[in-house]
Amino acid sequence: MDAIVKNFPQTALDSGRPSQKEAEDAVRTLLRWAGDDPSREGLLDTPARVAKSYRELFAGYDMDPEDVLGRTFEEVAGYDDMVLVRDIPFFSHCEHHMVPIIGKAHVGYMPDGKVLGLSKIARVVEIYGRRLQTQETMTAQIAKAIDETLAPRGVAVMIEAEHMCMAMRGVQKQGSTTLTTTFTGSFKTEPADQARFMSMVRSR
């Protein structure tokens with residue numbers, strides 16, 4: 001069954017976004033709940049630092065993938081084979097526990113007359129990574145954004161990542177890796193294209 005992909009338009013999020021002061025007060029509450037004293041010297045500036053870091057860590061909510069993918073190139077001398085950008089590092093946060101997900105993404109597509117600038121692919125990974133995520137949703141969102149904007153013959157996305165919610169808490173199994181894939185177009189209908197993508201990702 002295909003994943004349900006939600007892109008969460010920024011306008012909907014902005015309408016209920018708390019103020020800087022409200023965010024800092026929330027951090028102070030969490031510090032007290034954890035058992036510490038937010039008024040002690042070492043923690044006095046922590047609420048402001050945390051709020052500032054959250055703006056950076058979750059900057060993807062303020063960015064639109066369509067803006068990044070809007071510019072394409074058609075002068076490709078007839079090139080129509082796979083384009084693959086692999087080993088794109090990213091940092092995200094689990095939407096269930098708000099702890100880090102650390103991994104890398106591999107993104108390929110089959111052009112249909114136009115191509116993307118390679119940095120744009122990495123940028124899309126960054127946009128979706130800097131949101132609260134599940135790995136499955138992030139994989140599907142990247143594929144959907146490229147598929148709808150570029151309209152290629154097919155898109156393939158693989159993400160491999162370690163989830164700190166498994167390493168730091170719960171079962172506490174460090175080093176375990178989760179793999180997810182999404183395929184569209186020819187990558188979904190042609191086993192040879194899918195196999196070649198997987199082979200190119202794994203080749204070193």
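This passage describes the strand pairing, the nonpolar cores and the salt bridges of a predicted model.

The strands β2 and β3 run antiparallel and are joined by nine bridges. Within this pairing, L84 has G108 of β3 as its bridge partner. The two strands form a hairpin in which five residues lie between β2 and β3. One residue of the turn, M98, has a positive phi of about 60 degrees. Strand β2 also pairs with β5, here in the parallel sense and over two bridges. In this second pairing, C94 stands opposite Q133 of β5.

In soluble globular proteins, nonpolar side chains tend to be buried together. The largest nonpolar core of the model comprises 33 residues. The members that touch the most other members are F90, V107, Y109, V125, I142, I146 and I159. Several helices and strands each supply at least two residues of this core, among them the strands β2 (83-94), β3 (100-110) and β6 (154-163) and the helices α5 (118-129) and α6 (135-150). Helix α6 provides the largest share, with six residues. The surroundings of I142 illustrate how distant parts of the sequence are brought together: when neighbours within four places in sequence are left aside, I142 is in contact with V107, V124, V125, Y128, V157 and I159. A second core, separate from the one above, consists of eight residues, including M82, M158, F187 and V201.

Burial is also found for a charged residue, R131. This arginine is placed in the loop between α5 and β5 (132-133). R131 counts as buried because its relative accessibility is 3%, and the limit for burial is under 20%. R131 lies 71 residues from G60 in sequence, yet the C-alpha atoms of R131 and G60 are 5.5 Å apart in space.

The structure contains 13 salt bridges. One of them is formed by the side chains of D62 and R17, with an N to O distance of 3.4 Å. This pair links distant parts of the chain, since D62 lies in the loop between α3 (46-57) and α4 whereas R17 lies in the loop between α1 (10-14) and α2 (20-34), 45 residues apart. Both partners are partly exposed, D62 with a relative accessible area of 42% and R17 with one of 31%.

A salt bridge within a single helix is formed by D25 and K21, whose closest N and O atoms are 2.8 Å apart. Because D25 and K21 are four residues apart in helix α2, about one helical turn separates them. D25 counts as partly exposed at 32% relative accessibility, while K21 is exposed, with a relative accessible area of 57%.

A further salt bridge joins the side chains of E160 and R202 at 3.3 Å, N to O. Here too the pair links distant parts of the chain: E160 belongs to strand β6 and R202 to helix α9 (residues 191-202), 42 residues apart. E160 counts as buried, at 12% relative accessibility, whereas R202 is partly exposed, with a relative accessible area of 43%. Elsewhere, K21, E24, D25 and R28 are joined into one network by salt bridges that share partners.

Methods:
Residues numbered from 1 in each chain as written. Predicted model: local features only at pLDDT ≥ 70, side-chain atom pairs only at ≥ 80, totals over all residues. Heavy atoms only, no water. Core = buried A, V, L, I, M, F, W, Y, C linked by side-chain atoms within 4.5 Å. Buried < 20%, exposed > 50% of the residue type's maximum accessible area, 1.4 Å probe, protein only. Contact = heavy atoms within 4.5 Å. Salt bridge = Lys/Arg side-chain N within 4 Å of Asp/Glu carboxyl O. Pairing = 2+ DSSP bridges.
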